[in-house]
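Got the model open in your viewer? Keep the selection tool handy and follow along, stop by stop.

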Amino acid sequence: CAYCLEDCGADAHAHVGRCQWNPRRDVFARKDRFELAQAQRRVRMLRAFVASLSPPVRRRVLEACAQELQDLNIAVQDLL
């Protein structure tokens, strides 16, 4: 699934239409809506990952990823 990255085998269409992260439940979304959903997924997944780290490691990881986060328009404060 392009919204949640669930492995749906050879055909994800049925899942995409009911995926909780697909806000309109449409199988073929407009590009801008899909890109927004992808940005939200990235933040959601990164937030969960960062929360699993100890504070010193979290700080180092965020420092090491600063350029990539900037390139993706993700603010560090959105991950904390």
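Start by selecting Q38, which sits in helix 2; helices here are DSSP runs of H or I with at least four residues, strands are runs of E with at least two, and both are numbered from the N terminus. Before you go further, a word on what you are looking at: this is a predicted model, where local features need pLDDT of at least 70, side-chain atom pairs count only at pLDDT 80 or more, and totals for chains, interfaces and linings use all residues. Residues are numbered from 1 along each chain as its sequence is written, and side-chain values use heavy atoms, with hydrogens and water left out.

Is Q38 buried or exposed? Its relative accessible area is 10%, so Q38 is buried (buried means under 20% relative accessible area, exposed over 50%, partly exposed in between, with a 1.4 Å probe and protein chains only). Now show what surrounds Q38: leaving aside neighbours within four places in sequence, Q38 is in contact with A2 and Y3, where contact means heavy atoms within 4.5 Å.

**Along helix 2**

Widen the selection to residues 31-51, and you have the whole of helix 2, with 21 residues. From first C-alpha to last, helix 2 reaches 30 Å, close to the 30 Å expected at 1.5 Å a residue (the expected span is 1.5 Å times one less than the number of residues). Colour A37, Q38, R41, V43 and V50 next: these are the buried residues of helix 2. Bring up helix 3 (55-64) as well, since what covers those buried residues includes helix 3.

Two more clicks in this helix. A39 belongs to helix 2 and, at 31% relative accessibility, counts as partly exposed. Draw a C-alpha to C-alpha distance from A39 to N73: they are 34 residues apart in sequence and 8.6 Å apart in space. Q40 is also placed in helix 2, partly exposed with a relative accessible area of 42%. For Q40 and C65, 25 residues apart in sequence, the C-alpha to C-alpha distance is 18 Å.

**The aromatic pair**

Select Y3 and F34 and turn the view until you can see both rings. How many aromatic pairs does the structure hold? The structure holds 1. The ring centres of Y3 and F34 are 5.6 Å apart and the planes are at 80°, so the pair is edge-to-face. Rings of Phe, Tyr and Trp (its six-membered ring) pair if their centres lie within 6.5 Å, with planes under 30 degrees apart counted as stacked, over 60 as edge-to-face and the rest as tilted. The pair links distant parts of the chain: Y3 lies in the segment before helix 1 (13-16) and F34 in helix 2, 31 residues apart. Y3 counts as buried at 5% relative accessibility, whereas F34, with a relative accessible area of 28%, is partly exposed.

**Into the cavity**

Keep Y3 selected and add N22, P23, R24, D26, A29 and R33: together they line the largest cavity. A cavity is a set of points on a 1 Å grid over the protein atoms alone where a 1.4 Å probe fits but cannot get out, and lining residues have an atom within 4 Å of a point. The structure holds 1 cavity of 30 Å³ or more, and the largest has a volume of about 30 Å³. That volume is the space filled by probe spheres set on the points, which are joined across faces, edges and corners. Colour the lining by class and you get 3 nonpolar, 1 polar and 3 charged residues (Ala, Val, Leu, Ile, Met, Phe, Trp, Tyr, Cys and Pro count as nonpolar, Asp, Glu, Lys and Arg as charged, and the others, Gly among them, as polar).

**Loop and backbone stops**

Go to V27, in the loop between helix 1 and helix 2. V27 is partly exposed at 34% relative accessibility and touches H13, V16 and G17, not counting residues up to four places away in sequence. V27 and M45 are 18 residues apart in sequence and 22 Å apart in space, C-alpha to C-alpha.

In that loop between helix 1 and helix 2, also pick R25. Check its backbone: R25 has a positive phi of about 60° although it is not a glycine. R25 counts as partly exposed, at 39% relative accessibility.

Last stop, L5, in the segment before helix 1. Phi of L5 is near 70°, a positive value in a residue other than glycine. With a relative accessible area of 49%, L5 is partly exposed.

Technical notes: On a 1 Å grid over the protein atoms alone, a cavity is a set of points where a 1.4 Å probe fits but cannot get out, and a pocket is an open set with protein on both sides within 12 Å along at least five of seven lines; lining residues have an atom within 4 Å of a point.
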